[in-house]
Amino acid sequence: MKKILYSLSLLLIALASCRKDPAVVPEESEQVTGSSDAMSFFLLNEGNMNMNKASLDKFEASSGTYRRNIFEATNPEVIRGLGDVGNDIKVYGSKLYIVVNISNKVEVLDLRTARRINKIDIQNCRYITFDAGKAYVSSYEGTVGNANKAEGSVVRIDTATLRIEASTRVGRQPEEMAIVGRKLYVANSGGYDPTHYERSVSVIDLESFQELKRIDVAENLHRVRADKYGDIYVSSRGDYYGTPSKLSVIDTGTEQVKKVFDISTSNIWIDDDLAYVYSLEWDYTNQRNAIHYSLINVRNETLVADNFIKDGTDKAITKPFGIAVDPKTKDIYVSDAKDYLSPGTLYCFDKNGIKKWSVLTGDIPAHLAFIPNN
């Protein structure tokens, strides 16, 4: 009898080990406030590192339908679903591009159906931006946490063929990018080496696809946003101890830092003349997270409000992790990652900072991409 039970146990173990993929997570949906004026969007949930829980949600504005887990439901044949750590999402043309960092890939989906068109392999990829039929992806290169990797790169992809055309070197652990004119500005972080953070923004000529220079800015750079006046706003994370996070403004005409806002910046979204900023920063003195929301007028480069959420809902947001502004209605979206391990919440505020609705999301809701109405 013991031999039979032992053999049965081995068989069950063998059968379990043959299973290559977990069960597909079903799509869920719920109704929130709909609007024919608002823009629909995709929301990318990062999912905690090494837990393979990145997921894709979609908000259909006209009907007010919020759909969760649409990637797995639409692409059940893709083993392990979307992958490990969804780091960026953008719409370009008729396609949706999703950068999945630890899974070392860019997923390319049909914008209408969310069906996979292609998968592009890029080592330790981070963020994506577009110009003139090309996609540009920042890459840490090397393995996660490898501080010995000398430099990162930006990879250029042809959006018609979805093939990698070229790559060019930048600083260590490059993050977000912005294009102004025919130049690409890349924030270098050096984030794998806390003893030697990077301080520079790489300037790349898009015609030659070569780095022209590096602009000294601040320690451990991250976010980059361009306004309509030829300036770019670059956030620095500091060293998390003595050197605080701040927000720098670079004049792309002179390629010099023209102004520094001494406000902690985790994320920024620029819409017309307004920059919406939030920060989530650990306060070592009080041993808790310090959260701030700010509003900047980019036309005259002044801080116009110290909180753009006006109804007190900010007190309910535990860990703000994403932000976006609807360019049509000016609705403000702020996501809450909560404990980083369980489903988050997406909040929608009107242009005056008053809550309109909220909805449950996937784990670590972080990146939002609006869908053009046409």
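**Figure 1. Contacts across the whole chain.** Of the contacts (heavy atoms within 4.5 Å) between residues at least 6 apart in sequence, 47% join residues at least 24 apart. The model is predicted: local features need pLDDT of at least 70, side-chain atom pairs count only at pLDDT 80 or more, and totals for chains, interfaces and linings use all residues. Residues are numbered from 1 along each chain as its sequence is written, and side-chain values use heavy atoms, with hydrogens and water left out. The protein holds 2 helices and 29 strands. Both are DSSP runs numbered from the N terminus: helices are H or I with at least four residues, strands are E with at least two. The radius of gyration, taken over C-alpha atoms, is 21 Å. The globule rule (2.2 Å times the number of residues to the power 0.38) also gives 21 Å for 374 residues, so the protein is as compact as a globular protein of that length. The C-alpha trace spans about 80 × 50 × 45 Å along its principal axes. Buried residues account for 54% of the 374. Buried means under 20% relative accessible area, exposed means over 50%, and partly exposed lies in between (1.4 Å probe, protein chains only). About 16,600 Å² is exposed, and carbon and sulfur atoms supply 50% of it. These areas come from the Shrake-Rupley method with a 1.4 Å probe; for residues, only the protein chains shown count as cover.

**Figure 2. The open sheet E5-E6-E7-E8.** Four strands line up in this order, with antiparallel pairing. Two strands pair if DSSP finds at least two bridges between them. Strands E5 (86-92) and E8 (116-121) stand at the edges; each has a single partner strand, so one side of each lacks a neighbour in the sheet. From one strand to the next, the twist averages 20°. Such angles run from 0 to 180 degrees between N-to-C directions, with axes as lines fitted to C-alpha atoms, for helices over the stretch in contact. E5 is joined to E6 (residues 95-100) by 6 bridges. One residue to find is Lys-90, whose bridge partner in E6 is Tyr-97.

**Figure 3. Strand E7 and its two hairpins.** E7 covers residues 105-110, and 5 of its 6 residues are buried. It pairs with E6 over 6 antiparallel bridges. Val-99 has Val-106 in E7 as its bridge partner. The E6-E7 hairpin has 4 residues between its strands, and Asn-104 in the turn has a positive phi of about 55°. E7 and E8 pair over 5 bridges, again antiparallel. Here Glu-107 has Lys-119 in E8 as its bridge partner. The E7-E8 hairpin has 5 residues between its strands; Ala-114 in that turn has a positive phi of about 65°.

**Figure 4. The open sheet E9-E10-E11-E12.** This sheet has 4 strands in the order given, with antiparallel pairing. E9 (125-131) and E12 (163-169) are the edge strands, and each pairs on one side only. Neighbouring strands are turned by 25° against each other on average, direction ignored. In the sheet, E10 (residues 134-139) and E11 (residues 153-158) share 6 antiparallel bridges. Ser-138 is bridged to Val-154 in E11.

**Figure 5. Asp-271 and its contacts.** Asp-271 sits in strand E21 (residues 267-271). Its relative accessibility is 9%, so Asp-271 counts as buried. A polar contact of 2.9 Å joins its side chain to that of Lys-330. A polar contact is a pair of N or O atoms within 3.5 Å; within protein, one must be able to donate a hydrogen and the other to accept it, and residues adjacent in sequence count only if both atoms are side-chain atoms. Leaving out residues up to four places away in sequence, Asp-271 touches Tyr-276, Val-325, Asp-326, Pro-327 and Lys-330.

**Figure 6. Glu-60 in strand E3.** E3 spans residues 55-60 and includes Glu-60. With a relative accessible area of 24%, Glu-60 is partly exposed. Glu-60 touches Ser-40, Thr-65 and Arg-67, not counting residues up to four places away in sequence. Ser-35 is 25 residues from Glu-60 along the chain, and their C-alpha atoms are separated by 9.2 Å.

**Figure 7. Positive phi in two loops.** Most residues other than glycine have a negative phi. Val-85 has a positive phi, near 70°. Val-85 lies in the loop between helix H2 (70-74) and E5, and is buried at 7% relative accessibility. Lys-338 is not a glycine either, yet has a positive phi of about 55°. Its loop runs between strand E26 (332-336) and strand E27 (343-349). Lys-338 is partly exposed, at 28% relative accessibility.
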